[in-house]
Amino acid sequence: MPVPGTNRQVVTNLKYGYGHFTTRTNVQFNWIPITRAADVMELLASVNMHGIQTSGNAIRNITTEALAGIAVDEIADPRPFAEIIRQWAALHPEFVFLPRKFKIALNGATEDRAALGWYDISLQALKNEAGELGFKVLVGGGMGRTPVIGTVVRQFVPWQHVLSYLEACIRVYNQYGRRDNIWKARIKILVKSEGQKYIDKVEEEFRQIVEIDGAPHTITQAELDRVAGQFVAPEIRRSHRASADQRVHEIIRADAEADPLYDRWLQRNVLPHRNPELRAVVLSFKRLGQNPGDCTADQFDACAELAERFSAGEARVTHEQNLLLPWVHQDDLPELWAAARKLGLARPNIGLITDMIACPGGDFCSLANARSLPIAEAITERFQDLDEEYDIGEIDLNFSGCINSCGHHHAGHIGILGVDKDGKEWYQITLGGSNGSDLSGPATPGKIVGPSFAKEEVPGVIEALIDAYRQLRQPAGDGKSETFIATLRRVGHDPFKAAANAARFVEREVA
């Protein structure tokens with residue numbers, strides 16, 4: 001299908017009637033005629049949704065981790081604070097025309113599952129020695145052309161003053177951020193160039209807001225309680241079934257427990273919950289035949305039914321472009337698995353190589369330099385053997401179609417970046433990136449392995465990197481092996497670079 005106004009071809013197996021889950025936990029709808037855009041906004045508003053500040057040089061949507069409010073390692077539920085910040089930031093009169101777009105993330109758990117290091121401003125919940133709740137503030141993270149990890153500008157801001165401190169951080173950026181050069185306009189450039197001067201300016205602005213202005217944005221306990229009341233956990237009880245339904249339930253459970261795929265699904269797609277009777281379940285949107293994160297209209301309806309039936313009507317888009325059901329009773333797992341399997345959403349690959357993050361790339365985005373979807377499909381096809389996937393183990397494979405880094409390639413253990421050279425598509429490979437999770441370690445950008453690869457070479461390069469890992473890894477105890485990222489950090493990049501470069505086509509090397 002040709003893209004209107006271009007000579008590019010869409011390689012997706014879908015034409016119309018689908019949405020795309022993004023790394024920023026949004027849903028993206030493509031191919032909306034401009035004449036219907038107002039109708040779409042009206043429909044969204046009818047179900048309390050909107051598209052406000054999803055573009056432009058404003059504060060974009062506020063993000064948290066998908067396990068917010070249910071994580072077993074949670075210090076504080078970040079959702080009420082995210083909602084308060086959202087209400088404060090939406091159409092903020094002072095911040096509707098910043099030097100560049102602006103992204104804020106919060107994490108309420110001990111493990112960073114929100115990729116805090118990579119955001120313009122990040123807030124990590126913590127408690128001080130007195131047991132008081134507050135946030136550590138990082139400023140100036142970002143990907144793109146110049147990957148930078150956020151700088152800690154304050155170790156502790158009391159929760160009551162988080163809006164005031166955010167205002168100080170953004171106000172200083174709004175005043176001093178570069179507006180003469182789009183490539184140097186993000187706050188990461190200001191923080192990197194000014195260092196302590198930026199922090200000093202923020203602290204002075206914060207003092208002015210609190211002491212001179214009278215702290216107009218102080219969050220009161222009453223306001224926090226009001227907003228937190230919107231996030232009360234639903235009451236989930238074990239289903240009381242009629243005898244006939246109970247027999248069906250027992251048959252489904254027996255069939256599931258006899259199937260090895262069910263056990264693997266429990267390992268990979270089912271996560272622990274702060275309520276010991278409940279589980280969080282990930283529906284995998286990484287499968288052959290559809291692009292990573294794509295969901296058809298029928299699948300949307302089917303997932304809504306699963307959410308109503310098994311998860312108190314709630315589903316969450318994850319940073320990894322999947323859907324998470326946060327309120328599943330453990331007794332309902334077999335029936336949920338059976339239902340998700342019929343929909344093709346129960347592949348037990350969460351966290352494995354085919355659970356890759358990939359932006360839509362050049363087939364959809366006018367900013368992209370190269371296509372990502374055909375190569376993502378080729379890599380997925382190469383690693384369809386579940387035994388092989390499990391042998392490879394946990395790995396972050398991230399793919400961006402351009403330097404804007406919507407696929408978070410900088411943070412991938414293996415990252416792929418599409419670049420344009422003389423009108424042709426080429427791909428850089430990076431190694432050793434981290435999103436800040438316990439598996440990956442502190443946030444860090446990956447390193448480029450060498451010159452770009454032709455699109456035909458990329459699947460073979462990924463296979464060569466995996467083969468090198470298998471040869472180099474060591475046992476890690478309990479019958480397990482080192483993860484890819486642990487092996488890479490132990491032996492260094494050189495053996496992996498050699499493996500990647502050896503996968504180049506001979507014809508190209510001779511040429």
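Here are three short exercises with worked solutions on a sheet and a helix pair in this predicted model.

Before you start, note that local features need pLDDT of at least 70 and side-chain atom pairs count only at pLDDT 80 or more, while totals for chains, interfaces and linings use all residues. Residues are numbered from 1 along each chain as its sequence is written, and side-chain values use heavy atoms, leaving out hydrogens and water.

**Exercise 1. Work out the strand order of the open sheet and which strands stand at its edges.**

Step 1. Helices (H or I, at least four residues) and strands (E, at least two) are DSSP runs, numbered from the N terminus. Two strands pair if DSSP finds at least two bridges between them.

Step 2. Following the pairings gives the order β7-β8-β11-β10, with four strands and antiparallel pairing.

Step 3. β7 (270–271) and β10 (316–317) each have a single partner strand, so one side of each is left without a neighbour in the sheet.

**Exercise 2. Describe the surroundings of strand β8 (residues 278–283).**

Step 1. Start with β7: two bridges join β7 to β8 in the antiparallel sense, and Leu271 stands opposite Ala280. Six residues lie between these two strands, which form a hairpin.

Step 2. Turn to β11 (residues 323–329), which pairs with β8 over five antiparallel bridges. Here Val281 stands opposite Leu325, and Leu283 has Leu323 as its bridge partner.

Step 3. Add the helix: α9 (residues 297–310) lies across β8 and β11, at about 25 degrees to β11. Such angles run from 0 to 180 degrees between N-to-C directions, with axes fitted to C-alpha atoms, for helices over the stretch in contact; contact means heavy atoms within 4.5 Å.

Step 4. Check the cover: five of the six residues of β8 are buried, that is, under 20% relative accessible area with a 1.4 Å probe, protein chains only.

**Exercise 3. Characterise the packing of α3 (residues 162–176) and α5 (residues 196–212).**

Step 1. The helices pack at about 125 degrees, with their axes 8 Å apart.

Step 2. α3 and α5 are therefore oblique to each other, the class left after under 35 degrees (roughly parallel), over 145 (roughly antiparallel) and 65 to 115 (roughly perpendicular).

Step 3. For the partners, look at the residues in α3, including Tyr165, Val172 and Tyr176, that meet residues in α5, among them Tyr198, Phe206 and Ile209.

Terms used:
Buried means under 20% relative accessible area, exposed over 50%, partly exposed in between (1.4 Å probe, protein chains only).
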